[in-house]
Amino acid sequence: MAGAFLLCSVLSFLCAIARAVANEQQQRRQVTFVNELPNAQIDLYWENHETGGRKFEGTIDPRGGFLRVDTYDGHEFSYDIESDGERHYFQPKGFAVLLGSTHCIQVRCDVTTYSRKSSDTFNILVKPYWSPRGASRFLELVRSGYYDGVALNRVVPGFLTQFGIAKDPTVRNHWGKLAIVDDLPFDDIPFQPGYLSYAGSGIDSRTTEIFIVMPGVGQEQLDYFGENSWETPFGLLEGNVEESALTKIYSGHGDMPPWGKGPESSRIYDEDGYTTYLPNAFPLLDYIDRCYVVDEVDTDIEEEL
């Protein structure tokens, strides 16, 4: 009996060593968990499969609240949301957006059209699972009011519409220094008219500037979109793109230099970009009046009351 007991003890000890070695061989990483739901808090747990237990990691507030956790590759986490009535299990890879059963978040942008002679809106369906970091940064900027008053400064029919240089020089200079890491492509999503992505300048260069693929773009160009690591789509326009506000935005200034005579992005970043440069040199431009997360508007009004 004593020998059997000793053998079991030795085997248990060896198993514990093997598990420790395996854990050391796993890559340790810090994961950022972001709650992009409009109103619901999320309680995050680590699933301990060795003991069958569940460890509480923390509560994450909605609307971009986040929690950073040190963990290992392959570790599983879970959370539940009262509204959808189920527990969600997943293995994060460095940056995880928590949405439960929600697949997209609707952002509405009110824009001027026909050289500010009229107005319209377009709805953006943000898809965090396509590009977690890109989608989360865009929602953060929308919630902060960053895009309110922004010029639609590069409008090229059959190619793209680009925007994202804030009206306030302090704001645009601040966010322009906060580049985010590129996202890994999700299921190799091919670009289509109405898709949104960041306009970057190199690896890990995404900050605030966004482009929307215009209707009528050729297949060769569609195939080229996404070739760069920073061009992962994070959303799309809702509805028929060919009849959207996108087609009513003034495009007569042409592309930016050296491909055209439109606004030069570097000049918009100057201190007088919005006060002198754009109104004097490009008076017919259209602008975004306001962008907001649709499901958060009613809640904001209730809180004010």
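Hi everyone, let me start with strand β7, which gives the most to the lining of the largest pocket, with four residues. A quick reminder that this is a predicted model.

So, that pocket. It holds about 610 Å³ of space. Its lining comes to 22 residues, and those lying nearest the centre are Lys-93, Phe-95, Ala-96, Tyr-129 and Pro-132. Along with β7 (95-98), both β6 (86-90) and α2 (132-144) supply at least two lining residues each. For those of you thinking about chemistry, the wall splits into 16 nonpolar, two polar and four charged residues.

Now, on to the second largest pocket, with a volume of about 400 Å³. Which element gives the most here? That would be α2, with five residues. β1 (28-35) and β4 (65-72) also supply at least two residues each. There are 15 lining residues, and Thr-32, Arg-68, Phe-95, Ser-136 and Glu-140 are the ones nearest the centre. You may recall Phe-95 from a moment ago, since Phe-95 is also listed nearest the centre of the largest pocket. By class, this second lining has four nonpolar, four polar and seven charged residues.

Finally, a word on enclosed space. How many cavities of 30 Å³ or more does the structure hold? Just one, with a volume of about 40 Å³. Its lining includes the run Leu-152, Asn-153, Arg-154 and Val-155, then Tyr-250, Ser-251, Gly-252, His-253 and Gly-254, and also Pro-263 and Leu-285. Sorted by class, that gives five nonpolar, five polar and one charged residues.

That's my tour, thanks for listening!

Notes: Residues numbered from 1 in each chain as written. Predicted model: local features only at pLDDT ≥ 70, side-chain atom pairs only at ≥ 80, totals over all residues. Heavy atoms only, no water. 1 Å grid on protein atoms, 1.4 Å probe; cavity = no way out; pocket = protein on both sides within 12 Å on 5 of 7 lines; lining within 4 Å. Points joined across faces, edges and corners; volume = space filled by probe spheres on them. Nonpolar A, V, L, I, M, F, W, Y, C, P; charged D, E, K, R; others polar.
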